[in-house]
Every structure is written in C-alpha cells, then in structure tokens.
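Work through the exercises below with the model open. Try each task before reading its solution.

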There are 2 protein chains.
Amino acid sequence: MLTDFVKSIPPEKETMKAELAVEREKLANASMKIKVAKLPVMVIFEGWGSAGKGSVIASVIKNIDPRFFEVATTNAEPTEEEKRKPFLYRYFIEIPEAGKFKFFDTCWMQEVTDGVIDGTLSDKDYERRINSINTTERQLTDNGYLVMKFFFNISKKEQARRLGALLASKNTSWRVDEDDLWENKHYKECQKVYDKYLNDTNRSISPWYIIDAKDKKWAELQVLRFLNQGIDTALKNHSLAVPILQNTFPLKQMPLLKDVALDKTISDDEYKLQLKLLQAKLHELHYKLYRKKIPVIIAYEGWDAAGKGGNIKRIAGALDPRGYVVHPIASPEPHEKARHYLWRFWNRLPKTGHIAIYDRTWYGRVMVERLEGFCSENDWQRAYNEINEFEKELADWGAVVIKFWVHIDNQTQLERFTDRQNTPEKQWKITDEDWRNREKWDLYEGAINEMIQKTSTTYAPWHILESVDKKYARIKALKIVIDAIEKACK
Amino acid sequence: MLTDFVKSIPPEKETMKAELAVEREKLANASMKIKVAKLPVMVIFEGWGSAGKGSVIASVIKNIDPRFFEVATTNAEPTEEEKRKPFLYRYFIEIPEAGKFKFFDTCWMQEVTDGVIDGTLSDKDYERRINSINTTERQLTDNGYLVMKFFFNISKKEQARRLGALLASKNTSWRVDEDDLWENKHYKECQKVYDKYLNDTNRSISPWYIIDAKDKKWAELQVLRFLNQGIDTALKNHSLAVPILQNTFPLKQMPLLKDVALDKTISDDEYKLQLKLLQAKLHELHYKLYRKKIPVIIAYEGWDAAGKGGNIKRIAGALDPRGYVVHPIASPEPHEKARHYLWRFWNRLPKTGHIAIYDRTWYGRVMVERLEGFCSENDWQRAYNEINEFEKELADWGAVVIKFWVHIDNQTQLERFTDRQNTPEKQWKITDEDWRNREKWDLYEGAINEMIQKTSTTYAPWHILESVDKKYARIKALKIVIDAIEKACK
C-alpha cells in the first residue's frame, strides 16, 4: 500500500539544518524563475488529520514573497451555494495564475474520500469524480501548470499521540473534533480508502509524493526537495508541445457550413404568433427547471452581424430575470489571461436551476485565438478535446448544454455591415476589426467547420441557426431550447 | 405615510401603450448614452411580496442589450459565508461598472426591514445600518453613480388577491411561502416598518420612488419614466465636482514625517530574542481571534524600499496559513477601474476570525492617484472622508484595523535603490518607475502628511514604523499588532 508506513530515515540534526537551508534558498530563488517563465505552480497538501500539513505550509511559504503565492483553504464540506455548482467548481476557480504558487490545504481529494468513508458517494459517482480529477490534473499540466501532490502520512499510533497532546491543553483541545477522533479509531478503514484514491490518481504527469510526517522538519525537507525538483523539471518542459489526444467522445455527424441551406424563412404573422406561444412556453419551463434544479448552459457563436444579439434577446425575454444571466464574452482581462483559458468560464457557470447564456464562448480558443495567433498551434489543437471534456463535466453534473452557431453567408454579412455603417444609431455595432475579420472569412470558415465536426458531441451538440432570415433563426432557437429543457425536466 | 395607498390614475389603454413605446425607446437609447458617458446606473427594486418587481424588471431589461446590464438577485437571508462579512458586503460587491445598468431585485432594504420585523435587529443596529446605507448611497452618488430606488406598493387587499390567485393553481402555489402569508396577515405592522425605512433613507441624492403597482403595465411605465428622467439628470451632473464634506470623525494627533526621529535601532541579539517571543505570542493570539471570530485588517503603506515586504513577512511568518492572506495591491485591472475605487478592497475583505494584510492599500487614491493625476482633484479631496467612512464601517463590524506607514529618509532610500541596482538578485525589485517616483519625494511627503493627518481616526489610527533599522520596525510592528489584537480579544 502506498500509505503503508514508510520507515524513512531523516538525516542527522546538523545535516538536516544544512539541507533545509539549501532547499529553502532554492525555493526562494525559484519564485523569480517561475515568475519569469510564467509557470503556474499548484501545490496540493492532503493527508491524515493532525499530520502537520498546516505547519509545513506555514514554513514553506516563509521562503516566498507574498506577491508570488496564495494559500487556498477550502472547507471540508461545501457550502449550500457551492453544492449548486459542479463538484470541481470550488477548486478550479482557485487555480493559480501564471508565475505564481498556490498552496492548497486539502483539495479535491478530501471531499471525495470523505464521501466514500461516510457512505454518501456511490461507487459510480466515485468513478466519475476520479475521472474528473484525472482529466483536470492532466488538462492543467497540458496547459503549462505544474501540479505537485503531497500526502502527509502518519501512523495510527502517532496520530493518537498528537490528538492526545492537543486534547491535554485547553488552549488546543478545541482544534480536535469528532471527525479527527473517528478517523483515528477507524484508521485501517480510512487508510484503505485513501490508498485506493492515491492509486487511482497516481499519474506520471502529477504523481503522489507520500511524505513521512512523523518529524516536522523532516516533512518540510521532503516537501522542499520534491517541490524544487518538480519546478526544475517543469521549467525544462515548459515550452514543449504536448501530444494531442484522440477523441473518445461520441460525435454527432454535422454538415459543412457550405452545405447548409440558408433560404429558410418565416412569414411575419407566423413569426409573431410562434414567438408569443414559444416564449410563454419557455417562461413556464423556466420555473419548472428552477424547481427541478437543472442548470442550463446556452452557448452562442456566429458570424459578426449574424443576429446573435437579437436571438439571445428572444430567449432572455421569455425568462424571469432572477433565474438567468447573459454573459457577454469579450477578450480576457489580464487576470483571466494568466490562467487556464477555461477558468473564466468555470467562474461564470450558473447554479443549479439557473440558465446562463453566453454571447461568445470558450470556442474563442479554436476560432479567434487560433487565427490571430493568441495561442500556439499545439494549444488550439488540444482544445477540441479539452472542451469536449469540459462540456462532459457539465453534462455529467446534470446540465443541459445547447450550442448555437448563428449562420449567414458572406454576402449577407456585407449587406448588414454596410447598413450598420450607414445608419447612425447602428454605427457603434461596427468596428474596423469587424471589417478586418471579414477579410479572413475563408480561414474562419475552415476553423468553424473543424470546430463543429470535432465538438458536436451527443451530450452537447451544435445547432446551426440559419439566420439570413433572423426571425426564422429566433423561432428555431426557441424550439431547440424548449425541446432540450423539456427532455431534461421529464 | 409614504406607503399610504396612492390613488394614482393610470392613463387610458391606448395612451399607455403609446407612452410605454416612447419610454422604452428612450431607455434603449439611454444605454448607448450611459456607455459613452461611463455612467454606472444602479436600480434598486424593493416592495411588498407579490407586488410584481420581478416581472417589471423582466420587461424593463428587454429594452437593453445584454452587454449593458446585469441583474443582481440576493437571497433574502445571507449565507453562512456572507454572515462572516460586513452587512454591506454582499451588496457592495454587486455594484455596476461604469457605463452599465445593474438591477437589484431587492437590495440592502429588505435584509434590514426583515430584521426589524422578526426582532433580530436591535434599535442600535438598525440606526447603524441606516447610517451605513445612507453613507454608501451618498458615496456611490458622489463617485458618479446614479442610484434609483423603487418601492413597489400594493394594498393589503390587492396582495391577498394575488396570493390567493397563486395558491389556486398547483403550477404557481410553490411560489407562495409562509413569509408571504405572514406579511399579508400583518400588513399594518410591516407597513410601519417599511415606511420608517423609506423615510430614514429618503435623500435627495437617491430618493425613493413609490410605485403604485396595482397594474403591471402602469407600474412599468412609472418605472421607465422615473428611470429615464434620472438618467437625463445624471448625465447632466456627471462631470460636476461634488462638495467636500467636513470631517466628523475623531482624529488622533499625528506628527509630520519630518519630525519623526529615524535613529531608533535594536541590537541583533535583542532582535532575535524579541522576534521569537513576539511571533510565538502572535501565533497563539491568532487562534484566539479565530475562535472569537474577530476580523483583522493590517494595511501597509510606505516609501519604496522602506522594508514593507520584510516587515509583512515577520507578521505573516507567525500566522497559520489557513487564517490569513496577504493581498499585494498593484494598479487596478480594467474591471476594477470601472467601479468605485474601494470596490476591489470590499472584494478582498477577510471573513470574521481571519487576518488580511494589504501590501499597499486604498490609500493609493490620495497618494499615487492624486500625484499622477489618475483621478480628479475633487476625487482625491473627497477620498479622505470616504476612507474614514469605509474604515468606520469595518470598525463597527468589529474589525481590528491597523495602518502602518513604513518610514525612511530620502538618503536611505537612495542607498537601498543603489544597492538593489548593483545586486543581481535584487534587480527585479527596482524599476525605472521607482526612480521616477523618487524624484517626486517632496510632493509625496506633502501628500502623505495630509493623508496621515486626515485619516488617523481613533478607530483606525496610523502607526509610523521607523524603518532605517528594518529590524527595529519589525519588532515595533509585531508589538502593535499583538497589542491591538489582545485588546480586541479581551
């Protein structure tokens, strides 16, 4: 067993002191190196209660300028608000930014093993969470993160001794709770669960380091050694391309854009009638999904001037403002750009029972970022799979995921651009950038076709909205949204 | 009484329709105007249960592009996490950014009146909250916000009728809860509380508009009219200077920087001994304040190279990393700059029982922003009072607020700059900007003196740390922090 007590032999006192000094100095210097290399370093501490995680973190961070690190302390138990987000949410939003350390005083492990131990997590959910965690750790590593994981290990006897010592003084006895005592009493049982978790998540991209935590200084030295080694390795790997993974998700066959017939229309009368009926229906459904606590994610992409805004308005117009939000997505701000590109979308997930509509989305990675060179080729080539994984996470959480490509032809865009340019009230809607993007129509069309082919999964398919007749596109969108929500509410 | 039922007479059906169309169009156009003028518009909806706030908000936002508005929906009851922040926190972090609307489906009123009605809010706390709310609404207005407040008013009979209608169908009955029925039953009692609140917070900078909400379309029209008028007025006032308020807070007499003796030193042996003793003491106190749920705010300002970083390190080094955070404050990011300048600090408040250390602070407003012209003269002149109000809010919440000015003389700074420049490992610490700021020493000294004189309140005084001998300054800081926390823990 990984957690079988490792009889590690700490160095002699004087040697330890000297080695600690060396490793501390190394870490202090590493801060500047990771800053320059823009390496984000995620350091996860897990382990037995009273194993001394907190005090080793306190020692380790003393070597680092506060501008270069943060400590994340997640409660063992998620809050009611956090329970209304996907399992990974409260951890993922805490990932470090480029060039900084983030120390996690327990991360996604503890919530999972707690769930197994207290019997609230089914085998199936356990498997799913292990899968989510492995996927996320791989995604982070692929995106240039260093993920270091330490498990603080102490024997049953040692834990009992520490708990006893804490309980003996009234200044410290409050730090021992029922769970700590329970864990010690059921040490073997817990060990089995921890061990299984460690094995299930022990991957070469983010392996577990089992720390013999009997002696505090020795534990610190082990952590520092591994951490410094990890940083050295990561700095060497930092600019290397990462292998592109094969798609393993079920895909839906989709047409190429050129094969989409754009002559579909609807009469004004029919439009008015349908709009009223469908909006009323969606309005009622909104309450239903609110009560059933189903989260809904509606992603809009489309050509400039295709009519995204007006389409979104017709969906939003049917909804109770307390239960939905529209996220207009512009270029990322500096603190967003400094993190995994999906971070700003994790941060904007709806809670259960709510609807989030995105006016442009995470697909920017494989369109504008690809074509404008805002990310490397390796980055956007990896992104199809990463996005499929992200959306799978959302679907598994129970979310309805609807993706719209609002489609027009080149000529229609030109007419609309010209109209905007010539109409004073519409001029704010058209910029030089729009004209520049327009010149790249063919490149975009290629990228969009690739995107639609590679990310139209059965659990989060693309829907193409023929929007030369904007009204037709609005009615079609309403029907698709209603249909998807109705299915989910059944 | 403000809420006495106003017998307003809605226009005839056809006139209403025409007027609604006009006002909706006006609002649609106002979106672009507020964007251009960078006017943030905060629209607060309060009122009786079932008065139709939600459905009027839904109608109003239909006229606005989703890029230009958000809806904030705060729970009636704060979550456990929110309860560990100041009362205003969960509302203040929701304020709109420049050029955008934010619609509040209930804001700070409801929590206060609920507290009065269910008897959990004492008279004294009520007074304090009213004062906080009035101060905040004034601060927002002074800082260029338009704050519009609507109270949706219906009679007891009308409310009973609506609740009855909702209860009659099983599709809608879930929307009625105990509190709604209780409110209707105790209408008179609630009305008295609402009325008092409305009177207590009815100021010319952000008056209450009582909306006769008997008819939905009529309610919408009233809101649109007031809102459009409000925007017109705000656009006219937008660039006007605001009167500077006299200081009303108790101030502590403070020396001018030139009169601070900088020759204080401590021997190395004494330093080592004291450091160990004081850090151990602070370590214990940290647990004490954690258990007593006292929040602590430690603000660091000081000359470049004065030794802020090393000083902070000695405080932080004594603390359990799960209970404190250091916030390094750089120039604001775009989304921060687009809001009230204190917003990013509201966002970084500790929770009760935790310590937040700020490496540079909100005082940037009256130092770098003043001297570099990043805000107007009127802005920084107002800021002394605004900051005193902010810190009073924190002190009233129960926070220990400690402010350090880390002080050295001009010659010492030159020596340290030169040393940094000449030492390869320290070069990252010195930039051209540091040298440029140094040329403005005298201007800064004037600004700092003014700041210390005007914001050294008895509840949040400045402490000057003589830091030519950095060790002396560290020991002094530790003593001040320990002393302040000990007093608060008594």
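The exercises cover symmetry, the chain contact, the domains and the core of this predicted model.

**Exercise 1. Symmetry**

Find the operation that lays chain A on chain B, and say how the copies are related.

Solution.
- Step 1: Superpose the copies. Chain A fits chain B with an RMSD of 0.0 Å.
- Step 2: Read off the operation. The turn is 180°, and the shift along the axis is 0.1 Å.
- Step 3: Interpret. The two copies are thus related as by a two-fold rotation axis.
- Step 4: Locate the axis. A:E333 is the residue of chain A that comes closest to the rotation axis, with its C-alpha at 3.8 Å.

**Exercise 2. The contact between chains**

Describe the side of chain A that touches chain B: its elements and its residue classes.

Solution.
- Step 1: Count. Chain A puts 33 residues into the contact and chain B puts in 34.
- Step 2: Assign elements. Two or more residues each come from α2 (53-61), β2 (69-72), α3 (80-83), α12 (308-316), β7 (324-328) and α13 (334-337) of chain A.
- Step 3: Rank. α2(A) gives the largest share, 4 residues.
- Step 4: Sort by class. This side of chain A holds 15 nonpolar, 12 charged and 6 polar residues.
- Step 5: Compare the surfaces. Of the interface residues of chain A, 100% are also interface residues in chain B, so the copies meet through the same surface.

**Exercise 3. Two domains in chain A**

Place the domains of chain A and describe how domain 1 touches domain 2.

Solution.
- Step 1: Set the bounds. Domain 1 of chain A spans 13-237, and domain 2 spans 257-489.
- Step 2: Take the centres over C-alpha atoms. They are 39 Å apart.
- Step 3: Count contacts. In chain A, 17 residues of domain 1 meet 17 residues of domain 2.
- Step 4: Assign elements on the domain 1 side. α4 (89-92) and α6 (123-142) of chain A each give two or more residues.
- Step 5: Rank. α6(A) gives the most, with 6 residues.
- Step 6: Sort by class. The domain 1 side has 8 nonpolar, 5 charged and 4 polar residues.

**Exercise 4. The nonpolar core**

Which residues have the most contacts inside the largest nonpolar core? List the contacts of A:I298 beyond its neighbours within four places in sequence.

Solution.
- Step 1: Take the largest core. It has 235 residues.
- Step 2: Pick those with the most contacts inside it. They are A:I298, B:I298 and B:I357.
- Step 3: Set aside sequence neighbours within four places. A:I298 then contacts A:I315, A:I355, A:I357, A:Y358, A:I402 and A:V481.

How values were computed
Residues numbered from 1 in each chain as written. Chains lettered and ligands numbered in written order. Predicted model: local features only at pLDDT ≥ 70, side-chain atom pairs only at ≥ 80, totals over all residues. Least-squares fit on C-alpha atoms with pLDDT ≥ 70 in both. Contact = placed C-beta atoms within 7 Å. Core = buried A, V, L, I, M, F, W, Y, C linked by C-beta atoms within 7 Å. Buried ≥ 20, exposed ≤ 12 C-beta atoms within 10 Å, placed from the backbone. Nonpolar A, V, L, I, M, F, W, Y, C, P; charged D, E, K, R; others polar. Domains from an automatic or database assignment.
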